[in-house]
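Reader: I should like a close look at the aromatic residues and their surroundings. Please state the cut-offs as you proceed.

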Amino acid sequence: MNYATYNGGLTAEQFLFHEIRTTARLILDGKSPEEAICTIRTENLFQYPTEREISRIARACFKRLDALENPQLVHELAYAPVGIAKQINLYAMMRHNRVVWDFMVQVIGEKYLDQDFSFSKKDVNGFFSRLQAQNDTVAAWSEGTIRKIKSVLVRSLVETEYLDTVRSVTLNPVFLSEELEQGIRANGDLEVLPAFHYLR
């Protein structure tokens with residue numbers, strides 16, 4: 001897992017649920033990454049208007065699937081009901097991108113631990129202010145990059161039903177799926193459990 005470095009890849013990668021589910025199914029069918037990309041491109045499985053983005057986004061999906069380090073979670077991401085699979089995709093984003101990990105653990109997990117269900121731009125802005133103060137890489141990002149990453153983080157919370165809309169000011173209670181709980185425990189990532197509102 002890429003704990004050590006922060007990268008701004010989220011600006012282009014987004015939540016990518018349809019894309020990662022498609023990619024996971026191709027991998028489970030036994031295709032190599034190159035074969036999978038070829039299939040995605042020739043059959044237009046991502047339904048993108050141009051081919052230019054396909055290889056780059058597919059490779060981002062492979063990296064995210066690799067970051068799970070858990071074949072069972074890859075299988076669940078491919079075939080579980082949408083709500084469960086989206087939750088696993090969020091966890092894959094966390095393991096692949098340290099910004100997502102830190103945001104979910106330090107902001108969302110802390111709020112659930114404190115029984116604080118309020119959520120606002122202030123929470124997101126405060127997180128990035130702290131990150132910029134602590135890390136030279138993040139401090140060097142442009143305002144535009146940070147704005148896009150903030151948007152992806154909030155939209156990811158909407159995709160996974162933490163928030164009802166991007167303008168919501170209240171976090172919903174979420175329910176950690178049994179499949180993801182088992183995967184998190186198998187990976188030894190117990191510190192992320194509160195981020196999925198699992199407080200036992």
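To begin with one residue: does Tyr-48 count as buried or exposed, and at what relative accessibility?

Author: Tyr-48 counts as buried, at 17% relative accessibility; buried means under 20% relative accessible area, exposed over 50%, and partly exposed in between, with a 1.4 Å probe and protein chains only. The model is predicted, so local features need pLDDT of at least 70 and side-chain atom pairs pLDDT 80 or more, while totals for chains, interfaces and linings use all residues. Residues are numbered from 1 along each chain as its sequence is written, and side-chain values use heavy atoms, without hydrogens and water.

The whole structure contains five aromatic pairs (rings of Phe, Tyr and Trp, the last by its six-membered ring, with centres within 6.5 Å; planes under 30 degrees apart are stacked, over 60 edge-to-face, the rest tilted). One of them joins Tyr-48 to Phe-46 in a tilted arrangement, 5.5 Å centre to centre with 50° between the planes. Phe-46 is likewise buried, at 3%. Phe-127 and Phe-128 pair edge-to-face, at 5.2 Å and 80°. Their relative accessibilities are 0% for Phe-127 and 1% for Phe-128, and both belong to one aromatic cluster with Phe-103.

Phe-103 also leads into the largest nonpolar core, which has 67 residues and in which Phe-103 and Phe-119 are among those with the most contacts (a core is a set of buried Ala, Val, Leu, Ile, Met, Phe, Trp, Tyr and Cys residues joined through side-chain atoms within 4.5 Å). Phe-119 touches Phe-103, and its other contacts include Ile-108, Val-124 and Leu-157 (heavy atoms within 4.5 Å).

Conventions: Lists of a residue's contacts leave out its neighbours within four places in sequence.
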